[in-house]
Amino acid sequence: MDQAGVVNSISDLLTPNRSHRVVTYSRAYTLVPTYECFNRCTYCNFRVDPGQSPWLSLEHVAQQLPILRSQGVCEVLVLSGEVAPHSPRRDGWFRHIYQICELALEAGLLPHTNAGPLSRDEMAQLRQVNVSMGLMVEQVTPKLLDTVHRHAPSKRPEVRLQQLTWAGELGVPFTTGLLLGLGESEADWVDSLRAIATIQTRHGHIQEVILQPHSPGQQQLQPGMALDEAALVRAVHLAREFLPPEVTIQIPPNLVSHKGLLDCLTAGARDLGGISPMDEVNPDYEHPTPESLEAAIAPSSWQLQPRLPIYPQYDTWLPDPLQSLVKAWRNSLNNL
Ligand SMILES: O=c1nc2n(C[C@H](O)[C@H](O)[C@H](O)CO)c3cc(O)ccc3cc-2c(=O)[nH]1
Ligand SMILES: C[C@H]1O[C@@H](n2cnc3c(N)ncnc32)[C@H](O)[C@@H]1O
Ligand code: SF4
């Protein structure tokens, strides 16, 4: 055994639960209130033009949710296309999302919404029916507004960062992240990471940062290149260097190879996000099952563990009814 191996075995003996080798994921199911979106990000495989897709039926959702619950799903990821902020259809869109979250809670499930940028008032309302919320920063460099985000007003960096700040002010446990491989430089990654770190230092609400390798699909407006895995691993190293240690780094297991996954874990990633029957954002990339992930990482002594869509340090931030539900889920996770 080499010297590093000996040191590892000694530290394993001294660490009874080997908790340093735990990788988490959430048993999630994605509900899409609508695919319609007024933005046209060139890399998007999700959106349809406004008015071209019926909204998700609440009756259907109400039927589906108890089945999901019985299958062991804990998180409902509400991921939506967007209606423009001052459109007369905005209120109906928002109410629809709110009602989906209410139905999820009634079925005993834990909602996490990412519906693009919200007004401060919309965010304050959704906080009442979500255990955490999310919005990717993507990248803070304004260069992308001339390229992939030319027709995506929601992707202005100041709009995204304002969302993170409001979430902090309102006490919303938050997931954000970077989309990598849109034509930005590695120095741009550091700018984006620093911007997130600054807001986190002020508010302490960022539970995780997703490092999302751009992955081309069949529906997108413009072909793009996939980010190569060595670059993703460098991004994980940079994230660990520039983000505060309490922020967990998440990578999507369906967009990396097994080797890439293990390299990302070595570099500091510790979470694999929501694992569900299909990835709505990248429908061309099938999700591995928890069992197959376990088999891929176990030989390197990593253990896969389910988690809730809210990290434990934020439980007391929630409105009382949500706190009770989360407490019940924590008990059942401990008894798995
Ligand atoms: O909680 C989130 N998870 C996001 N995830 C991860 C998600 O938790 C799962 O991978 C599944 O999509 C859940 O069904 C993404 C996965 C992708 O392939 C592409 C984009 C995202 C974006 C988000 C996101 O904004 N919020
Ligand atoms: C919900 C999140 O999904 C991400 N997203 C959108 N399209 C793609 C793609 N082709 N590849 C990877 N991530 C994507 C963006 O970061 C968005 O914010
Ligand atoms: S990535 Fe989100 S904001 Fe951009 S077009 Fe797709 S659904 Fe709309």
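**Notebook: helix pairs and ligand shells**

I began with helix 7 (residues 229–242) and helix 8 (residues 258–267), and found that they pack at an angle of about 20°, with their axes 9 Å apart. Since that angle falls under 35 degrees, helix 7 is therefore roughly parallel to helix 8. I noted the crossing of helix 7 past helix 8 as right-handed. On the helix 7 side the contact is made by Glu 229, Leu 232, Val 233, Val 236, His 237 and Arg 240, and on the helix 8 side by Gly 260, Asp 263, Cys 264 and Ala 267. Sorted by class, this contact of helix 7 with helix 8 holds five nonpolar, two polar and three charged residues. I should record here that the model is a predicted one.

Next I turned to helix 5 (residues 157–170) and helix 6 (residues 186–203), whose axes come within 10 Å and cross at roughly 15°. That angle makes helix 5 roughly parallel to helix 6, and I entered the crossing of the two as right-handed. I then listed who meets whom: helix 5 brings Leu 161, Leu 164, Thr 165, Gly 168 and Glu 169, while helix 6 brings Ala 195, Ile 196, Ile 199, Arg 202 and His 203. By class I have five nonpolar, three polar and two charged residues in the contact of helix 5 with helix 6.

The third pair I looked up was helix 2 (residues 58–70) with helix 3 (residues 90–106), which pack at an angle of about 20° with their axes 9 Å apart. Helix 2 and helix 3 are therefore roughly parallel to each other, and their crossing is right-handed. In helix 2 the residues in contact are Leu 58, Val 61, Ala 62 and Leu 65, and they meet Gln 99, Ile 100, Leu 103 and Ala 104 of helix 3. For the contact of helix 2 with helix 3 I wrote down seven nonpolar residues, one polar residue and no charged residues.

I then went to the ligands, starting with ligand 1, which has 18 residues around it, with Thr 30, Gly 273, Gly 274, Ser 276 and Val 281 coming nearest. Looking for the strands behind this shell, I found that strand 1 (22–31), strand 3 (110–114), strand 6 (206–213) and strand 8 (271–275) each supply at least two of its residues. The shell around ligand 1 divides into six nonpolar, ten polar and two charged residues.

Around ligand 2 I have 13 residues, of which Tyr 43, Met 136, Leu 179, Ser 215 and Val 281 come nearest. The classes in the shell around ligand 2 are five nonpolar, seven polar and one charged. I marked Val 281 in particular, since this residue is listed among the nearest to ligand 1 and also among the nearest to ligand 2.

For ligand 3 I wrote out the whole shell: Cys 37, Asn 39, Arg 40, Cys 41, Cys 44, Phe 46, Arg 47, Gly 81, Glu 82, Gly 116, Ala 152 and Ser 154. I sorted these residues around ligand 3 into five nonpolar, four polar and three charged.

Last, I checked the record, where an unreviewed UniProt entry lists residues 23–254 as "domain: Radical SAM core". In the model I found the end C-alpha atoms of residues 23–254 to lie 15 Å apart, and the span to be 36% helix and 17% strand.

Terms used: Residues numbered from 1 in each chain as written. Chains lettered and ligands numbered in written order. Predicted model: local features only at pLDDT ≥ 70, side-chain atom pairs only at ≥ 80, totals over all residues. Near = placed C-beta within 6 Å. Helix = DSSP H or I, 4+ residues; strand = E, 2+ residues; numbered from the N terminus. Nonpolar A, V, L, I, M, F, W, Y, C, P; charged D, E, K, R; others polar. Axes fitted to C-alpha atoms, helices over the stretch in contact; angles between N-to-C directions. Parallel < 35°, antiparallel > 145°, perpendicular 65-115°, else oblique. Left-handed = near helix turned anticlockwise from the far one by under 90°. Contact = placed C-beta atoms within 7 Å. UniProt positions renumbered as here; feature names shortened; annotations may be inferred.
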